[in-house]
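A student asks how the terms used for a protein model are justified. Each reply sets a value against a definition and draws the conclusion.

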There are 2 protein chains.
Amino acid sequence: SPQTKTEYGKRGMTLEEDINQSNEFYLAKGLAVIHKKPTPVQIVSVHYPKRSAAVIQEAYFKTASTTDYNGVYKGRHIDFEAKETKNKSSFPLKNFHVHQISHMEAVQKQGGIAFVILRFSLIDETFLLDASYLFPYFKSGYKGRKSILLSEIASCGMALPLSLSPRIHYLKAVDALYFTSIGS
Amino acid sequence: SPQTKTEYGKRGMTLEEDINQSNEFYLAKGLAVIHKKPTPVQIVSVHYPKRSAAVIQEAYFKTASTTDYNGVYKGRHIDFEAKETKNKSSFPLKNFHVHQISHMEAVQKQGGIAFVILRFSLIDETFLLDASYLFPYFKSGYKGRKSILLSEIASCGMALPLSLSPRIHYLKAVDALYFTSIGS
Ligand SMILES: [Mg+2]
Ligand SMILES: [Mg+2]
């Protein structure tokens, strides 16, 4: 029914839409400057019609070599990837590329903040988890489980409740994890 | 002659190619993690052939809302735009968009480092200039000159000599401008 459709529409924003809306909110309030990177595309053929805009007529999607989001917050470099799963008790890591993981390692080595935002869409749970928890799963020779348990994510990360604006106030979790010294 | 062509090829790298090569060098040496953002494209139509990769069949170039390059260096967020001119004594500012300027202002307010790399290609001179020198030209009501004099760029910025690898060692200028206190 239309009723059901409307209700679904209300809560059914994708994680990417939630993050983009939050980033716009942060930018407008002067709280952070964080953007989604454009989708990388290999352009093969472009047509230049007279008196109108150039049309890309052949192009292919390229694998991203970095994470999707980055920017600056309180002087610190922020870098993260966001992913959703329909699983209910663990997050499969096959959607992360090795080069995204290496990128986040390199960012942390350089003194930046790197994390992932993971959403379990069927149970409406979203978490921010420091990227370092993923690194062991991608070490060469690793033979174990290819997913992180929800229980581990919940205990090592921070839950991100949904709100109206910003839709996911993930900087609150960033404050707690990276800007507060233990015991203070 | 082929001789001339080869020589031209040797020195005729674009600024973007020089910067990309330098960023690869920095990344490989663990000195910095700085990437060029993908060209933003509005995808209109995608064809999904059986047994082969998706083909984008209609897309348009979008105006970038941020700068082309960003990343992290010694814990600091780095953000910059690179542009070339064929002018010889001043750099025209019409190639910068207002939203790129606002972006660099927002980055600096958030504690990030924002600058531009400007190349005078016909006289083989490249400079790094803190973004703040551009801001006055884009203030509403500004009625003055629409280009920055080479002499001002040379005195307020840092010259970036070409070398073999990295082709432009712009982090040296970043060190001098942002990591050294005056008088030390
Ligand atoms: Mg992604
Ligand atoms: Mg550009």
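Q: What does "contact" mean when it is said of B:L162?
A: Contact means heavy atoms within 4.5 Å. Leaving aside neighbours within four places in sequence, B:L162 has such contacts with B:D18, B:R119, B:R167 and B:I168. The model is a predicted one.

Q: Where is B:L162, and why is this residue called partly exposed?
A: B:L162 sits in the loop between β10 and α5 of chain B. Buried requires under 20% relative accessible area and exposed over 50%. The value for B:L162 is 46%, so the residue counts as partly exposed. Its C-alpha atom is separated by 8.4 Å from that of B:T126, and these two residues are 36 apart along the chain.

Q: What makes B:D124 partly exposed, and what is said of its phi?
A: B:D124 has 44% relative accessibility, which is neither under 20% nor over 50%, so the residue is partly exposed. Its phi is near 50°, a positive value in a residue other than glycine. B:D124 is placed in the loop between β7 and β8 of chain B.

Q: How do you know whether A:D124 is buried, exposed or partly exposed?
A: The relative accessible area of A:D124 is 45%, so this residue falls between the two cut-offs and is partly exposed. A:D124 belongs to the loop between β7 and β8 of chain A. Phi of A:D124 is near 55°, again positive in a residue other than glycine.

Q: Which residues are the donors of the magnesium ion (ligand 2), and why do they count as donors?
A: They are B:D68 (OD) and B:E81 (OE), at 2.2 to 2.4 Å. A donor is an N, O or S atom within 2.8 Å of this metal, so these atoms qualify. B:D68 is in the loop between β3 (55-61) and β4 (69-73) of chain B, and B:E81 is in strand β5 (residues 76-85), 13 residues apart.

Q: Why is B:E81 called buried?
A: Its relative accessible area is 2%, and buried means under 20%, so B:E81 is buried.

Q: What are the protein donors of the magnesium ion (ligand 1), and what does the pair tie together?
A: The donors are A:D68 (OD) and A:E81 (OE), lying 2.2 to 2.4 Å from the ion. A:D68 is in the loop between β3 (55-61) and β4 of chain A, while A:E81 is in strand β5, so the pair ties together parts 13 residues apart in sequence. Both A:D68 and A:E81 are buried.

Q: How do you know that the span of helix α2 (residues 15-28) of chain A agrees with its number of residues?
A: The helix has 14 residues and should span 20 Å at 1.5 Å a residue; its end C-alpha atoms are 20 Å apart, so the two values agree. Among the buried residues of α2(A) are A:L15, A:I19 and A:Y26. The buried residues of this helix pack against elements of chain A including β1 (33-36), β7 (113-120) and α5 (170-178). After α2(A) comes A:G30, with a positive phi near 70°.

Q: What makes the buried residues of helix α5 (residues 170-178) of chain B line one face?
A: The buried residues are B:Y170, B:L171, B:A173, B:V174 and B:Y178. Seen down the axis of α5(B), they fall within an arc of 150°, so they line one face of the helix.

Q: Which peptide bond of chain B is cis, and what is its omega?
A: The bond from B:S165 to B:P166 is cis, with omega near 0°. B:P166 lies in the loop between β10 (158-159) and α5 of chain B.

Q: What relation does the rotation between chain A and chain B show?
A: A rotation of 180° with 0.0 Å of shift along its axis superposes chain B on chain A, with an RMSD of 0.0 Å. That is the relation of a two-fold axis.

Q: How do you know through which surface the copies meet?
A: Of the interface residues of chain B, 100% are also interface residues in chain A, so the copies meet through the same surface.

Methods. Residues numbered from 1 in each chain as written. Chains lettered and ligands numbered in written order. Predicted model: local features only at pLDDT ≥ 70, side-chain atom pairs only at ≥ 80, totals over all residues. Heavy atoms only, no water. Donors = N, O, S within 2.8 Å, 3.2 Å for Na, K, Ca; no water. Helix = DSSP H or I, 4+ residues; strand = E, 2+ residues; numbered from the N terminus. Buried < 20%, exposed > 50% of the residue type's maximum accessible area, 1.4 Å probe, protein only. Expected span 1.5 Å × (residues − 1). Arc of directions from axis to C-beta. Least-squares fit on C-alpha atoms with pLDDT ≥ 70 in both.
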